[in-house]
Structures are given as structure tokens and as C-alpha cells.
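Work through the exercises below with the structure in view. Try each task before reading its solution.

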Amino acid sequence: PRVFAVTNSCFSTSAQPSWTHGNSLRVPNLIGGKFVESQSRESIDVLNPASQEVVSQVPLTTSEEFQAAVSAAKGAYPSWRNTPVTTRQRIMFKLQDLIRKNMDKLALNITTEQGKTLKDAQGDVFRGLEVVEHACGMGSLQMGEYVSNVSNGIDTYSIREPLGVCAGICPFNFPAMIPLWMFPVAITCGNTYVLKPSEKDPGASMILAELAMEAGLPDGVLNIVHGTHEVVNAICDDEDIRAISFVGSNTAGMHIYSRASAKGKRVQSNMGAKNHGVVMPDANIDATLNALIAAGFGAAGQRCMALSTVVFVGDSKPWEEKILERAKALKVNIGTDPEADLGPVISVQAKERICRLIQSGVDSGARLLLDGRNISVPGYEKGNFVGPTILADVTSDMECYKEEIFGPVLICMKADTLDEAIKIVNKNIYGNGVAIFTTSGVAARKLQNEIEAGQVGINVPIPVPLPFFSFTGSKASFAGDLNFYGKAGVQFYTQIKTVTQQWKDFSGSTGASLAMPTSQ
Ligand code: NAD
């Protein structure tokens with residue numbers, strides 16, 4: 001089947017998506033409930049990062065097609081917002097079931113287009129599925145408030161209402177989880193949606209949209225448009241779109257935040273990161289090493305919560321030797337190999353950038369303990385593979401420290417005391433996550449109190465909160481006021497209407513008072 005059309009048999013699947021047209025490799029848009037092929041002559045190849053084979057092609061949606069998607073969302077809104085919340089929840093309930101049943105298909109698509117291992121791809125789907133599960137309780141999550149008798153015969157209550165048409169712009173690194181952070185919350189609140197998947201791996205969004213429609217989502221409630229900068233700018237400028245969720249790099253995120261805010265839109269923008277693991281000398285060695293290896297090299301380091309920097313408090317030498325040993329044992333291969341620990345990085349350009357940053361570290365005096373730049377995977381020599389790489393003696397003025405590398409590169413730094421380690425972390429511009437590894441509650445509590453990062457792990461390497469909490473990056477890792485999913489996510493996708501009602505016996509009322517009404 002074309003959407004997974006790569007020659008190696010381990011990628012083949014019998015499930016042909018219903019949205020494919022003839023022999024076209026082109027991924028259609030989804031407009032008003034129909035998968036429609038774009039009339040645009042321009043498209044971008046979606047490449048399998050393990051082989052460079054063309055998996056599909058993403059069209060650069062025309063402005064007329066974009067307008068049609070927004071109109072479909074606008075047209076579907078009045079009846080969708082008046083659809084009972086229980087009906088909307090039931091669609092989510094069905095969707096979570098369908099996602100479970102299609103887990104393997106979704107994971108295979110992710111591995112083919114994004115490169116991560118199948119097991120990791122399943123985790124990608126699962127962490128998004130949890131948001132769908134949470135959206136099944138929207139009736140309670142969206143509940144308003146009520147105070148009876150605020151004045152004589154007067155009650156006040158607040159209602160959380162949907163905003164209207166909302167939009168989501170996605171990055172490449174979690175092709176299922178991040179679209180699922182966005183549209184399930186938005187639509188279950190009663191909004192309608194225009195989703196723009198990453199042009200590098202649109203397949204999972206397409207499968208999810210197909211499942212949402214199978215779950216009973218009415219036409220026009222969820223629409224998908226493909227493309228890059230132009231369609232993103234159109235989303236920012238559109239008069240009918242009320243709110244935008246963005247996840248991706250700082251360059252794009254800050255551009256979108258300012259351009260869309262200037263148009264009066266709500267924006268939540270989750271951006272880049274440099275997450276530190278602070279290792280205290282009293283930490284459990286085995287558990288900490290496992291955590292560092294998994295969180296530094298998992299998904300080839302392409303996670304916004306990857307622990308890319310370790311700060312050893314005290315003597316780092318014994319730790320470095322042990323990390324090196326374990327990193328060397330990791331297996332790099334195509335993501336469909338069940339033995340693979342890490343797959344390729346997303347593109348040739350990403351690999352070049354990662355290699356350049358490794359070299360810049362070496363040039364500025366870092367010690368290269370392990371070099372993964374020249375790795376070759378037999379049978380996949382053209383793949384964008386980078387093996388686990390470790391740079392030691394890194395200092396905070398080096399480019400390899402200041403830049404987000406977004407590859408399988410672990411940076412090791414030293415601090416004499418916990419105070420010094422906290423200072424290093426707080427000086428970094430990013431504030432997505434931090435983790436401390438220790439057996440001392442006192443040290444953990446001190447770090448939790450003093451650290452300037454939105455998500456703290458205590459002996460937990462990747463503390464991505466479950467959906468009853470929110471994803472709370474801070475500093476340069478986030479722009480906006482209301483975070484993704486959880487209570488804040490529901491607040492983001494709703495606005496409050498406050499009603500004050502008076503029901504009393506009006507007979508015998510006295511004349512008009514022109515003074516400002518006060519509670520009686
Ligand atoms: P990216 O910014 O290149 O792309 C994200 C989206 O923005 C894509 O849909 C792309 O088409 C669009 N885009 C890119 N440049 C644009 C521009 N100049 N103008 C308008 N639109 C533009 O990001 P990516 O490479 O796909 O994703 C990796 C980044 O995402 C990393 O920085 C990572 O840390 C970050 N990320 C953050 C989180 C988080 O929750 N904080 C989660 C995942 C990824």
C-alpha cells in the first residue's frame with residue numbers, strides 16, 4: 001500500500017487507508033468530512049529517515065483550500081456546540097477504543113515516517129490516547145460555578161463555553177501524541193478544528209482523523225490542511241480562527257505567538273528545551289544510569305523532555321565511565337528491528353546539524369567520550385543514523401550547551417555543590433523539565449523549591465504529566481498563559497460567561513435607583 005510504500009518487507013502492512021486516491025502518493029486534506037486531494041502543484045516528499053525512500057507527499061495547500069477548511073469548521077460549529085456534551089464524550093469514548101485497536105497500524109506509520117522504534121512509537125500513541133480518555137470526562141471538566149443568593153433573589157453562575165474554530169500546528173517528533181494533545185480537548189469542549197500536521201510525518205494525524213470520523217465525529221468538526229510556513233501564516237491571520245495550539249521550535253513558536261496574538265487570538269506555544277538531570281553522589285547508581293541512558297538516547301534524543309544534559313554533583317569520573325559502558329551497548333538500527341534501542345534522526349539536515357554541534361563542542365574543549373557520527377547501519381547506509389554520543393567537561397558558554405541539539409547526544413557537566421548545579425540550570429534560557437537523582441529528600445525538596453523549570457522529576461527522568469495535570473513548560477520553553485491539556489487545557493479551549501439572574505416577586509417594586517447596584 002502506498003502510504004507505507006517502502007520496499008523493505010518489514011514495513012509492509014495490509015491496512016490501506018481509505019483516504020488514498022488511485023496511485024497518488026499525495027496525502028489529501030480533510031475538508032468538511034471528505035478526504036480531498038489538493039489542487040496545489042507543489043508538494044514535499046515525506047521520506048523514511050532510515051532509507052530516504054519516499055513514503056508519501058504532502059501538498060502545500062492553496063489559500064482557497066485553506067479557506068474551505070475554515071468555512072467547513074465554521075459551518076459545523078453551531079450544531080456541534082449545541083450537541084450534548086454526553087454525545088461528544090461518547091465519540092471520544094469510541095475514539096479511544098478505535099485508537100487501541102489501531103495501535104499497531106499507527107505505530108508502524110510513525111516508525112516509517114519518523115524513524116523511532118516501534119515500541120517507542122506505541123508509547124507516542126499511548127500518551128496521546130490518555131488525553132482522549134481524559135476528554136471522555138469533559139462534562140465534569142467543563143463544569144461551571146454557581147453561587148446562590150449573591151443578593152436578594154439574585155444568583156450568579158458561570159458557564160464554560162467553546163470559542164468557535166480553533167487550530168493546531170504540530171511538530172515532527174510525536175506524530176500521534178501531539179495532535180492528540182490538541183483536537184480531542186478542543187472538540188470535546190464544543191469547538192471545531194483545523195489541524196496542520198508536521199509536513200515531515202503527516203500519516204498518524206490522517207489515521208487519527210479517519211478513526212475520529214469512524215467514531216461518529218460529524219463532518220467539518222475536524223479538518224486537516226497540509227503545508228508549511230504559508231498555511232501556518234494563514235492560520236495566524238484568519239479572522240475566524242479564535243485560538244491556536246502550537247508545539248515545535250522557538251523560531252516558529254515565537255513567530256506564531258506574536259503574529260496570532262496581534263490578531264487577538266489565544267495562543268499556547270510549547271517550544272524547545274534543554275533538560276538537565278542533576279545527579280547527586282548519593283543517588284542509586286544502577287537506577288540512575290538506566291534513567292540517564294533511556295532519557296538521553298531514547299527516541300534518538302528527539303524528545304522535548306529528553307534529558308540531554310547531566311550535571312554531576314561531586315566527582316563525576318566513576319559515573320562517566322559507567323555511562324560510557326552502557327551507551328556503547330545500545331543498538332542503533334531501523335525502528336522496526338525489535339532489538340533496536342534507537343532509530344535514525346528525522347532528516348539529513350537534522351543529522352548535519354547534530355554533527356556540527358558535536359564538533360563545535362570538541363572545538364571548544366569538550367571531551368568526546370563517545371562519537372556516534374560515523375555510524376553505518378548495514379542495509380540502511382543512506383539512513384540518518386547518529387549513534388549515542390557523549391561530550392564531557394562541557395561548560396555553559398559552549399554552543400553545544402546553549403543550543404538544543406535534539407539528537408542522541410548526552411552532555412556532561414560538573415558542579416561542586418547542589419547550589420552550583422541549581423545555578424547552572426536556572427541560568428539556562430529554557431525551562432521545560434529537570435530531574436534530580438538522589439536518595440536525600442532534603443536535596444530533592446531544595447531543588448524542587450529553587451529550580452526554574454516547569455516540570456520536575458524526582459528520580460523520574462521524563463516527568464511528562466498525565467492528562468489530569470497539564471504539560472507545564474516555562475521560560476523560553478513556553479509562551480502563553482494556559483498550558484496544554486488538564487484543567488488549563490480545558491480553560492484554553494473555553495471562555496467563561498457569567499450570568500446573574502434575578503427571580504423574585506417583583507410586585508410592589510419601588511422606583512428606579514440610578515446608583516451603582518450593590519448587594520442588598
Ligand atoms: P518546527 O518548529 O520546525 O515545526 C513545527 C511546525 O511549525 C511544523 O508544522 C512546521 O510546518 C511549522 N513551521 C516551522 N517553521 C515555521 C516558520 N518559520 N513559520 C511558520 N511555521 C513554521 O519544529 P520541529 O522540528 O517539527 O519540532 C522539534 C521542536 O519541537 C524542538 O525544538 C522540540 O523541543 C520542540 N518540541 C517541544 C515540545 C514541548 O512540549 N515543549 C514537544 C515536542 C517538540
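## Exercise 1: the ligand shell

Sort the residues of the shell around the ligand by type.

Solution. The shell divides into 14 nonpolar, nine polar and three charged residues. Here Ala, Val, Leu, Ile, Met, Phe, Trp, Tyr, Cys and Pro count as nonpolar, Asp, Glu, Lys and Arg as charged, and the others, Gly among them, as polar. The model is predicted: local features need pLDDT of at least 70, side-chain atom pairs need 80 or more, and totals for chains, interfaces and linings use all residues. Residues are numbered from 1 along each chain as its sequence is written, and side-chain values use heavy atoms, without hydrogens and water.

Next, the count: 26 residues surround the ligand, each with a heavy atom within 4 Å of it. Among the closest are Cys 170 and Met 271.

## Exercise 2: polar contacts

Find N or O atoms of Glu 199, Gly 248 and Ser 249 that pair with ligand oxygen atoms.

Solution. A polar contact is a pair of N or O atoms within 3.5 Å. Start with the Ser 249 side chain, at 2.5 Å. The Glu 199 side chain follows, at 2.7 Å. Gly 248 uses a backbone atom, at 3.3 Å.

## Exercise 3: the record

Locate the annotated domain.

Solution. UniProt, in an unreviewed entry, places "domain: Aldehyde dehydrogenase" at residues 35–499. Such annotations may be inferred rather than shown by experiment.

Definitions and conventions
A polar contact is a pair of N or O atoms within 3.5 Å; within protein, one must be able to donate a hydrogen and the other to accept it, and residues adjacent in sequence count only if both atoms are side-chain atoms.
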